[in-house]
Structure formats: C-alpha cells, structure tokens
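Student: I should like to learn how to read a protein structure, one feature at a time. May we begin with strands and their partners?

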Amino acid sequence: MNNQRGHVIVLTYPAQGHINPLLQFAKRLASKGLKVTLATTHYTVKSIHSATVGVEPISDGFDEAGFKQAPSLEAYLDSFKSVGSKTLAELISKFNDSASPVNCIVYDSLLPWALHVARQFGIYGAVFLTNSASVCSMYWHIHHGHLTLPVKQETEQLLLPGLPPLGISNLPGFLGQPAVASAYLTLILEKFGLLEENDWVFCNSFEELESELVKAMKGLWPLVMTGPTVPSAYLDQQINGDRTYGASLWELSSDQCLRWLETQPPKSVVYVSFGSMADITSQQAEEIAWGLIASNVHFLLVARNSGDKFPSSFLNSVQGRGLIVPWCNQLEVLAHPAVGCFVTHCGWNSTLEALSIGVPMVAFPQWSDQPTNAMFVEELWRVGVKAKKNKEGIVSRDELEMCIMEVMVGTKSEEIKENASKWRKLAIRAVSSGGSSDKNINEFVGKLMKERG
Ligand code: UDP
C-alpha cells in the first residue's frame, strides 16, 4: 500500500552554500508532514545529519573526493549530469518499489538535468534557486535575449522589470566579462532555459524582500518564495529550538568562537567572513588586516582559504583584539549578542542570514552575484554600507575602517540598525505560521498530500 504522505526527493549540489538552504528547506517540508529524502554525492553525504530527513547518496562519478578529483569544472558537471541522472533514477526506482514512492523532485538549480529525470518518471519537478530572485531574473533575461553580453562598460544604467536601475558595477560579476568565467556562465545560463517548464520555482527569499520583482515575474515563472531557510531558533532566539543547520563540510571552531564571544560586550564584535569559495589576494588580506587593527574594534575573522595570506606581524598582534579561525558555525556567530557588524562577501546565504538575524553589514563583494547583493544591502534594504574598491580593485585599509565605523557608530548607523531590525521582523513573519513563505510552503505540501491521498 502506498504511503499517504507524499515523498519528495530534495537534490542538492555538493557545496556549502547549496547544502545549507536545501537541507533546511527539506527539513521544513518534513515538519509539514511530507516524507523527505535529501540526495547528494557520496563524498558529501557523510557530512550531513538530520533526524527528520532521510539522506541518500547518488553519484557524480567522483565518489572518492568529489569535485577535487575532476580535471575541470566542465568535466565534473558533464560527469555529474550523466552519472547523476542514472543514479538518481535508480534511487527513485528503489523507493517506487517500497511503501514510499516518490511523487516530486525538488532540485538545486545547478542540476537542471534532474527535471528530465522527474519527467521520465511522470512526477512533479521543482527547481530551488539559491540566489535572490532578482539575480535569477537577470540571468533569465540574458537567456531570453532581452539583454546581450558582455554588458558594455559605458552602459550607464540597465533597466529591467521589477529591479532598480543597475550600473555595470552592480551586475553579477560574470556579465561584464563573460570570457573570464565562461564555464560558470554556461552553467548558470543553462539552468534558465528550463525554468518555465518546472511545476514550481522555489526561491530562498521572501516576498516582502523582493516584492517588485515578484510582481514583475508573475505569469512568467511559477515563482514561489519560501525563505529564508534559516532555522527558526536563530531567528527568534528560542534556546530550545533546532539549532542545527545540518551540515558542515569543514570542522567548526564553535566552542572556541562561543567562548571568546562570551567575553565580549554586546554588539561590539565585527565578524568577518568571505564564505566558502571566495579567494582573496595577499594584497587584499593585508589591507583587511590593517583596516581591522585601525578601526580599533574586536573582531572574529574566518580565514578558510586565506590564512597564509595575512601578514605575520598582524597575526602576532591580534591577541586580545581578535580571534582568527578557519571556519565557524556562522549562524551561531551572527545570532550571538556580542556581534554588532558583519563584514561579508555577500554570498546570498550570508546576506540573507545576516538580514534575517538583524546584523548590520559592511558589504565586501568579490564575484558572481555578490556585487548585486551588496548594492541591495546598501541601497534598497539599507542595512549596511558597501566598501568601495580603488583603481587596483582593492578595498583599502582606510575604506574598510571608514565602513566599519559608519556601521558601528557613524551618522548612518542608527538608520541601518533600525532597518536591520525591521527586516529581521519581516523575515520572521514570512516563515512564521500564516506568513507569506509559510503559506506558500503549505500550499505546495497540501497539493502533494491531496494527490497522494
Ligand atoms: N558559513 C559557515 N561558516 C563560516 C562561513 C560560512 O557556516 O565560517 C556558511 C554560511 O552560514 C552560509 C554558507 O556557509 O550558509 C556560505 O554561503 P554563501 O552563499 O554566503 O557563500 P558561498 O560560500 O557560497 O560563497
């Protein structure tokens, strides 16, 4: 006899900024009564733990060491597409022979071939966007030829439906110089060819945050805003709620960070992190180092890819002033009362996490969608300031010091703090019972349950 609940496979790309939102979305679906299985690669599956969501491996063709084993990004993605499609289909067949047949695949937008697998089985297919809906709409316009590449340097302002006027420096990094990042751009654009064919387009954002864009895309995409995918315990500070994001690809320095944060006064610490992928240069690391020292604040610095790039004279002088760790539990840090400012690369997860927890930002974008997110932080949501680069493409120590001071105590700081608190409340409301994202999730779950029942 069929299980009456409906069974969704949530498929994630094996990177930290993808596993976090997709696993959290999977947990939210499970909390609404669906059976949910998270599928990801053999290499990553061992880093993921959940009490409410099943976790199953599929293959990307590189089971020993994942992406690191592949000769190039293109080779990795080709292999993932062919071996992944086959092993995902085998996983579905296995479930279909059990009491819990699968009736929907929710797949990470980086893995668009999963929609073909859903169609092969005659089940629902839904894409999950891990960028903002605004950024995704830009890529979609490119895919549909409404915008041609490369966007010319002299283009002053680009006008697209539902978006504020965009200068070239505010566009996703790939668009001004597609030759530099062609593999990524191909990958990104490929996913927008199929967008309208999905039964749902889920986005890790919420309607209130991108209201004009949601209106502009109505009727064009089956867009459903379901975020933020931040565990509620961090949003409303419930001590007893589920505090696990669910997965970390690297060892956390949680105890060390929390012990150190406990010794700091409220809202005094600047948390600095550039996420899991951005790779800063030694010259930039040096400016960050002396900018932090000059601003005279206490800081927690995550230096995953860049530990060896900071000058040794800086590393020797931080004692008492700061803590440097290779990786941390970012949500725990952002939600800690001692943290008053986040210097962030503006990856979409980091941006949304800070906005939802109410931490003011110094936006320090590197590449990809980060420049656009940074502009929204400064100009649209007004929850931070953007650090400007000099002619050499570097944020100088003086600029960083000035931005940190502006956010912590400057003339704009009160307004920034008020806005941060306003967006935090709106984010909490969106995912609380009866809020916009919660209602959207309930509708989806209701449909799957009804058809199964
Ligand atoms: N993160 C973390 N510890 C760190 C830095 C980041 O747990 O020290 C998490 C962060 O909470 C976020 C993800 O890693 O969920 C990074 O995603 P984001 O989109 O911000 O950036 P990416 O790493 O994809 O560039």
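Student: Which residue of strand 5 is the bridge partner of Tyr107?

Tutor: The model before us is predicted. To read a strand pair, one looks for the bridges that join the two strands. In strand 5, Val127 is the bridge partner of Tyr107. That bridge belongs to the pairing of strand 4 (residues 104-108) with strand 5, which run parallel and are joined by 5 bridges.

Student: What lies on the other pairing of strand 5, with strand 6, and in which sense do the two run, parallel or antiparallel?

Tutor: Strand 5 and strand 6 (residues 200-203) pair in the parallel sense, over 4 bridges. Here Phe128 stands opposite Phe202 of strand 6.

Student: What unit do strand 4, helix 4 and strand 5 make?

Tutor: One follows the chain from one strand, over the helix, to the next strand. Strand 4, helix 4 (residues 114-121) and strand 5 form a β-α-β unit, and this unit is right-handed.

Student: Is strand 5 mostly covered or mostly exposed?

Tutor: One counts the buried residues. Strand 5 (residues 124-129) is mostly covered, for 6 of its 6 residues are buried. One may then sort the residues by direction: Tyr124, Ala126 and Phe128 point one way, while Gly125, Val127 and Leu129 point the other way, and all are buried.

Student: How should I read a helix in the same manner?

Tutor: An α-helix has 3.6 residues a turn, so residues three or four places apart point the same way. In helix 5 (133-143), 9 of the 11 residues are buried, so this helix is largely enclosed by the rest of the structure. Among the buried residues are Ala133, Val135, Tyr139 and Trp140. After helix 5 comes Gly145, whose phi is positive, near 75°.

Student: Why is Gly84 called buried?

Tutor: One counts the C-beta atoms around the residue, and 20 or more within 10 Å make it buried. Gly84 has 23 other C-beta atoms within 10 Å, and is therefore buried. Gly84 is found in helix 3 (residues 73-96).

Student: Which residues does Gly84 touch, apart from those up to four places away in sequence?

Tutor: With those set aside, Gly84 touches Ile58, Ser59, Asp60, Leu111 and Trp113. Consider Ile58: Gly84 and Ile58 are 26 residues apart in sequence, yet their C-alpha atoms are 6.3 Å apart in space.

Student: How is the protein divided into domains?

Tutor: There is domain 1 (7-245 + 431-451) and there is domain 2 (253-425). Their C-alpha centres lie 27 Å apart. The contact takes 26 residues from domain 1 and 20 residues from domain 2. On the side of domain 1 that touches domain 2, helix 1, helix 5 and helix 8 (232-235) each supply at least two residues. The largest share of that side, 4 residues, comes from helix 1. By character, the residues of that side divide into 12 nonpolar, 14 polar and no charged.

Student: Why does the ligand lie between domain 1 and domain 2?

Tutor: One asks which domains give residues to the shell around the ligand. Both domain 1 and domain 2 do, so the ligand lies between them. The ligand is surrounded by 19 residues, and the closest are Gly17, Gly275, Ser276, Gly347 and Ser350. Helix 1 (16-31), helix 12 (330-334) and helix 13 (348-357) are the elements that give two or more residues to this shell. Helix 13 gives the most, with 4 residues. The shell divides into 7 nonpolar, 11 polar and 1 charged.

Conventions. Residues are numbered from 1 along each chain as its sequence is written. This is a predicted model: local features need pLDDT of at least 70, side-chain atom pairs count only at pLDDT 80 or more; totals for chains, interfaces and linings use all residues. A residue is buried if 20 or more other C-beta atoms lie within 10 Å of its own, exposed if 12 or fewer, and partly exposed in between; C-beta atoms are placed from the backbone. Two residues are in contact if their C-beta atoms, placed from the backbone, lie within 7 Å. Two strands pair if DSSP finds at least two bridges between them. A crossover is right-handed if, with the strands pointing away from the viewer, the path from the first strand over the helix to the second runs clockwise. A residue is near a molecule or strand if its C-beta atom, placed from the backbone, lies within 6 Å of it. Ala, Val, Leu, Ile, Met, Phe, Trp, Tyr, Cys and Pro count as nonpolar, Asp, Glu, Lys and Arg as charged, and the others, Gly among them, as polar. Domain bounds come from an automatic or database domain assignment.
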